[in-house]
Amino acid sequence: MSLNKPQGHARMDDRFNTIAGWTLFSGIVGLGLSIASGMYFQADKHHAPETAGYPVEGVAEKGEGGGDVPIATLLASADVAKGQATFAKCTSCHTINSGGANGIGPNLHGVVGEAIGQGVGGFAFSDALKSKGGNWSFDALNDWLKSPKAYAPGTKMTFAGLSKPEDRANIIAYLNTQGSNLPLPAADAAPAADAAAAPAAEGAAAPEASEAAAQ
Ligand code: HEC
């Protein structure tokens, strides 16, 4: 009996130590976790304004008031040479010289202002494009080149699109020089600009007007 007692104590002590140890351990783990999560959330807080700041900056820079810059405005300052360079993305499927052959896509000579999905060289257009109707206006080309798939669901043109409005304006200006030569739309012909500053000078006035209209 008397021998068992100390043993019993020893066991109790062991158990106590074990419990104390685990309690301490879980305390440390808990502390560690709360420090870690504190760091995590603090890091998150530090990052949040940074990431939120980007889109706002981008919108202010690109949209000049939130909306898309009208294609007419972009065309007024479009760069034909840059458009020609960007057209390299199209030449795997398109020729653009007068009387050029159809390839995977139709010859594009004089396409600006032409009937949509008809062509002149007997290209077999998809029903999706053939049934669109209307002509390739600057606006229609802008929508088409932004996302052919969205413009004419089911189109055969498996080209993702040009996401930058400036790229589209440049390439449309270039297309226009290849057999169409239509007058570019006036920069102030955009609906937003119409209301606010119809007779205003081009270029500088139009973005301001659309900004005012967007507010
Ligand atoms: C992978 C091949 C491919 C690429 C790359 C491509 N296209 Fe096309 N494109 C086509 C095909 C195919 C059609 C016919 C679409 C249909 O019938 O649905 C077409 C149609 C068109 C049309 C309509 C022509 C008409 O007479 O109605 C235009 C405009 C056009 N492409 C412009 C471009 C431009 C500009 C680029 C480069 C930015 C480009 N495409 C890149 C294959 C391509």
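Select Lys-156 to begin: in this predicted model, Lys-156 is partly exposed, as 17 other C-beta atoms lie within 10 Å. Lys-156 is placed in the loop between H6 and H7. Add Leu-129 to the selection and draw a C-alpha to C-alpha distance; the two residues are 27 apart in sequence and 8.5 Å apart in space.

Remain in the loop between H6 and H7, where Gly-154 is also found. Gly-154 is exposed, because only residues with 12 or fewer other C-beta atoms within 10 Å fall in that class, and Gly-154 has 10. Beyond its neighbours within four places in sequence, Gly-154 makes contact with Ser-126 and Ala-128. The C-alpha atoms of Gly-154 and Ala-128 are 5.5 Å apart, although 26 residues separate the two in sequence.

Next, display the ligand and its surroundings. Ser-126, a contact of Gly-154, is among the closest residues to the ligand, together with Cys-90, Cys-93, Gly-105 and Met-157. The shell around the ligand consists of 27 residues. Divided by class, this shell holds 16 nonpolar, eight polar and three charged residues.

Turn now to helix H5, residues 138–146. Its buried residues are Phe-138, Leu-141, Asn-142, Trp-144 and Leu-145. These residues lie on the same side of H5, because the arc that they cover around the axis is only 165 degrees. To see what covers them, show helix H2 (71–76), helix H6 (148–151) and helix H7 (165–177), which are included in that cover.

The largest nonpolar core is the next selection. Of its 27 residues, those that touch the most other members are Leu-75, Leu-141, Ala-169, Ile-172 and Leu-175. H2, H5 and H7 are the elements that contribute two or more residues to this core. The greatest contribution is that of H7, with six residues.

Centre the view on Leu-75. Apart from neighbours within four places in sequence, Leu-75 is in contact with Phe-138, Ala-169, Ile-172, Ala-173, Leu-184 and Pro-185. One of these contacts, Phe-138, is also one of the buried residues of H5.

Continue to Asn-181, in the loop between H7 and helix H8 (191–197). Most residues other than glycine have a negative phi. Asn-181 has a positive phi, near 50 degrees. Asn-181 counts as exposed, with 11 C-beta neighbours inside 10 Å.

Now show the whole chain, coloured by secondary structure. The chain contains nine helices and zero strands, and its pattern along the sequence reads α-α-α-α-α-α-α-α-α. Of its 215 residues, 24% are buried. Among contacts with a separation of 6 or more, 52% join residues 24 or more positions apart.

Finally, colour the chain by pLDDT. The average for the chain is 78, and 60% of the residues score at least 70. Which stretches should be selected for pLDDT under 50? One is residues 53–66, where pLDDT stays under 50 and the model has 12 contacts beyond four places in sequence. Another is residues 193–212, where pLDDT likewise stays under 50 and the model has 39 such contacts. Where pLDDT is low, the predicted coordinates should not be read in detail.

Conventions. Residues numbered from 1 in each chain as written. Predicted model: local features only at pLDDT ≥ 70, side-chain atom pairs only at ≥ 80, totals over all residues. pLDDT = per-residue confidence, 0-100. Contact = placed C-beta atoms within 7 Å. Near = placed C-beta within 6 Å. Nonpolar A, V, L, I, M, F, W, Y, C, P; charged D, E, K, R; others polar. Buried ≥ 20, exposed ≤ 12 C-beta atoms within 10 Å, placed from the backbone. Helix = DSSP H or I, 4+ residues; strand = E, 2+ residues; numbered from the N terminus. Arc of directions from axis to C-beta. Core = buried A, V, L, I, M, F, W, Y, C linked by C-beta atoms within 7 Å.
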